[in-house]
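Q: I am new to this kind of picture. Please walk me through how to read it, one feature at a time.

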Amino acid sequence: MSQPKNTTTQATALTNHDRKPIHIPGSIQPHGVLLALSTQLEILQVSNNTQAYLGKEPKDLLGKPLSYLLEAQQVEAVKQCLVKKIGSPIVFKVSINTSREKRDFDAIAHRTEEAVILELEPTDSKSEVSFLGFHALAGEAIAKMQTTSNLIEFLHLVAEEVQKIIGFDRVMVYQFDESEAGSVVAEVKREDLSPYLGLHYPATDIPAQARELYTRCFLRFLPDLTAEPVQLIPTQNPTTHQHLDLSYSVLRSFDWCCAEYHQNMGVKALLVISLIQEQKLWGLISCHHQTTKHISYEVRKMCEFLGQIVSSELAHKISSSEWDYKVKLKSLQSEFLESISQADNFIDALIKPEIRLLDFVSASGAAVCLDNEINLVGTTPNIDQVQALIEWADTQVSDNLFSTDSLPKIYPEALIFKDTASGLLLLRISKVRRYYILWFRPEVIQTVNWAGNPQESIKAEGDGSYTLSPRKSFEQWQETVRLTSLPWKGCELESAIALSNAIVGIVLSKADELAKINLELERSNQELASFAYAASHDLKEPLRGIYNFSTVLLEDYAQVLDDDGIECLQTVVSLSVRMETLINALLRLSQLGQAHLREQATDLNELLNQVINVFHASRQGSGLVDIRIPRPLPTIQCDRVLVNEVFSNLLSNAFKYNDKAEQWVEIGYLDEGLGTRDWGQGEYPIPNSQFPIPNSQCPIFYIRDNGIGIPQHHLETIFRLFKRLHSQEKYGGGAGAGLAIVKKIVELHNGQIWVESTVGVGSIFYFTLE
């Protein structure tokens with residue numbers, strides 16, 4: 001249930017109150033005596049009422065062994081605490097001679113981290129309630145509670161049976177919700193009292209410290225809320241110099257706020273029984289009495305036992321409709337997940353038929369986001385709104401599963417689409433990729449009946465701070481709650497988690513299948529490379545014979561042949577040369593496919609000087625060439641021989657495909673990304689290519705020219721083997737394998753290569769070497 005308005009103020013006050021150490025009050029209630037003992041059972045602290053109950057002043061007991069007060073058999077019973085876990089009580093009867101009479105007590109002993117605590121409550125009974133007597137009192141109540149499977153009926157019977165046992169004016173069953181607020185779900189009361197059934201209470205009524213103690217201690221008894229507390233002497237444990245931890249004490253005194261709160265309700269005596277479900281505080285059986293009322297320890301233990309029975313039965317008393325709903329979700333999960341696992345198209349499996357994805361968590365709409373692709377199902381915000389919501393979730397939501405029934409309160413932009421998405425259930429499938437599934441629920445306007453105005457609990461102090469102050473009125477107070485949807489149930493969250501786990505499992509399964517395919521493909525590629533190498537190598541011998549015999553015919557038998565015959569033989573020679581060029585390219589690629597990199601630290605300036613020298617030597621008689629290097633290149637780890645081939649091929653192509661009168665090539669690198677390019681001399685516009693910019697810390701090398709350029713639609717195809725954009729007669733011919741070889745070498749270095757170009761202006765080839 002949503003909290004009332006002004007939750008920030010309330011949360012501040014609650015936080016301040018939660019800082020109060022209520023488990024170390026330094027005092028007890030006055031209906032008994034407390035002694036704090038050392039592990040040697042020496043009396044270290046006593047409550048300041050020992051004279052009234054034991055006939056001995058505190059100073060007469062401090063420093064004495066426990067045997068000074070109890071008989072040897074009783075001292076041995078207390079010693080058993082030392083071997084039991086913290087908080088586990090040992091209970092027995094004791095009779096103590098005072099100066100005036102012999103008095104009977106219920107003795108309750110337990111240990112803490114630093115001491116053994118012995119509490120003595122006066123009793124009229126000299127013997128413990130027998131098992132048969134206890135069974136007679138509790139057996140009938142348990143039998144009645146087991147007659148119904150309906151949760152609300154069960155809780156009403158619980159309240160009735162507890163009231164019969166203790167005779168209090170009002171017994172309520174109080175249930176907590178996800179926000180720690182609560183409501184009265186069952187009630188049995190005196191006829192003249194105002195009903196609290198159905199009323200809601202804010203989380204501030206039972207602060208976190210109190211809830212934590214209720215989780216550890218299953219029963220709390222305050223017989224007189226007007227009684228003055230009795231201080232401990234000394235106030236601190238003389239051994240630890242700390243306040244005594246009274247978390248498990250049955251006599252621990254109560255906080256003034258608790259007392260005033262219940263007195264404002266007309267309550268003088270209080271008994272609270274914890275209801276624990278799955279190791280969490282599910283609720284409380286809260287018992288109120290209009291006058292002071294004492295209950296014997298035996299009866300209280302029976303009530304605690306009943307509380308444990310109720311706690312164990314809660315899981316089995318889920319209402320039939322909720323159980324049916326869980327069964328429905330489980331069935332849908334099974335069917336849905338099976339269809340996803342067998343589907344070829346993951347998106348289609350999720351959203352077609354679309355109703356299944358919505359029914360999975362009872363949502364009215366959903367969005368499936370895989371990176372930048374968003375598919376909407378049912379009633380949802382529009383694409384732009386969903387995109388903005390996902391961007392918000394990227395930075396604000398750290399959990400893989402997130403849910404809220406009041407999205408506009410934490411994401412104000414959702415006010416625009418509150419009618420479709422006041423409730424959000426978000427499932428993050430991957431932390432690496434932006435993979436989300438979002439479910440939506442519309443706004444549902446609700447009327448909440450509170451037990452008094454919760455804002456009356458907030459008191460403004462003079463310094464501007466806020467504290468909790470018990471409310472004066474508990475009359476029904478209505479609040480209209482807006483900007484909320486129906487809350488997401490636990491079983492729906494479990495359903496979403498099941499979907500996430502299934503998707504991860506399916507992805508892993510698909511990845512395993514893909515790994516097997518890749519292994520097979522790798523083996524096939526190796527075989528193909530071996531075949532290509534062997535075949536091309538073996539083809540060269542007969543091809544060389546064709547070339548040689550054709551040459552002999554042209555040289556020795558030309559006079560026998562006519563012009564057509566000579567032309568045919570010249571064509572055979574030309575084609576054999578062309579064929580050998582193609583075979584050599586194929587051999588080079590197959591060698592690269594089986595190559596192992598021999599990486600070493602390589603000064604690219606030395607390497608580039610070698611490339612340029614060889615290039616100049618091959619162009620003797622062709623005039624000077626303008627090769628620009630704006631700044632020295634770095635030293636990197638690479639295969640020196642292969643990188644030499646990369647620069648040689650790209651430099652050769654840059655001048656080969658250039659028809660300008662003044663040709664130039666620039667070789668350099670970028671170390672701050674492509675967005676900061678300043679080309680300086682010879683600058684010209686180059687459109688951004690469609691190739692991705694590598695997300696790498698390595699430099700991006702480039703070779704820029706003022707050549708003929710490459711049409712945009714050929715930017716990807718030029719790296720294919722034997723792909724030429726021009727006829728053999730133009731630009732010096734060639735096999736069309738140079739760029740394919742360059743790409744293979746770059747990829748062997750885990751790098752990328754791409755090009756930007758404008759026809760008639762020039763080209764820039766970029767590459768990285770990881």
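A: Happy to! Let's start with the labels: a helix is a DSSP run (H or I) of at least four residues, and helices are numbered from the N terminus. Please keep in mind that this is a predicted model.

Q: Which residue just after H20 takes a positive phi?
A: That is asparagine 750, with a phi of about 60 degrees.

Q: Which residues of helix H20 are buried?
A: Buried means under 20% relative accessible area. In H20, which spans residues 738–748, the buried residues are Leu739, Ala740, Ile741, Val742, Ile745 and Val746.

Q: How do I describe two helices that pack together?
A: Two packed helices are described by the angle between their axes and the distance between the axes. Take H6 (residues 151–166) and H9 (residues 297–314): their axes come within 11 Å and cross at roughly 175 degrees. Angles over 145 degrees count as roughly antiparallel, and H6 and H9 are therefore roughly antiparallel to each other.

Q: Which residues make the contact between H6 and H9?
A: On the H6 side they are Leu151, Phe154, Leu155, Val158, Ile165 and Ile166. H9 brings Val299, Met302, Cys303, Leu306, Val310, Glu313 and Leu314. Sorted by class, this contact has 12 nonpolar residues, 1 charged residue and no polar ones.

Q: What is the order of the strands in the sheet?
A: A sheet is read strand by strand, from one edge to the other. This open sheet of 7 strands runs E1-E11-E3-E2-E6-E5-E4, with antiparallel pairing. Its edge strands, E1 (27–28) and E4 (90–97), each pair on one side only.

Q: How many bridges join E2 to E6?
A: There are 5 bridges between E2 (residues 33–37) and E6 (residues 116–122), and the two strands run antiparallel. For leucine 35, the bridge partner in E6 is leucine 118.

Q: Which strands does helix H4 touch?
A: H4 (residues 72–79) packs on the sheet and touches E2, E4, E5 (102–111) and E6, with its direction at about 150 degrees to that of E4. H9 packs on the sheet too, touching E4, E5 and E6, and its direction makes about 35 degrees with that of E5.

Q: How many disulfides does the structure hold?
A: A disulfide is a covalent bond between the sulfur atoms of two cysteines. Here there are 0 disulfides.

Q: Why is cysteine 258 not bonded to cysteine 257?
A: Because their sulfurs are 7.9 Å apart, too far for a bond; the cut-off is within 2.5 Å. Cysteine 257 counts as buried at 11% relative accessibility, whereas cysteine 258, at 25%, counts as partly exposed.

How values were computed
Residues are numbered from 1 along each chain as its sequence is written. This is a predicted model: local features need pLDDT of at least 70, side-chain atom pairs count only at pLDDT 80 or more; totals for chains, interfaces and linings use all residues. Side-chain values use heavy atoms; hydrogens and water are left out. Buried means under 20% relative accessible area, exposed over 50%, partly exposed in between (1.4 Å probe, protein chains only). Axes are lines fitted to C-alpha atoms, for helices over the stretch in contact, and angles run from 0 to 180 degrees between N-to-C directions. Angles under 35 degrees count as roughly parallel, over 145 as roughly antiparallel, 65 to 115 as roughly perpendicular and the rest as oblique. Contact means heavy atoms within 4.5 Å. Ala, Val, Leu, Ile, Met, Phe, Trp, Tyr, Cys and Pro count as nonpolar, Asp, Glu, Lys and Arg as charged, and the others, Gly among them, as polar. Two strands pair if DSSP finds at least two bridges between them.
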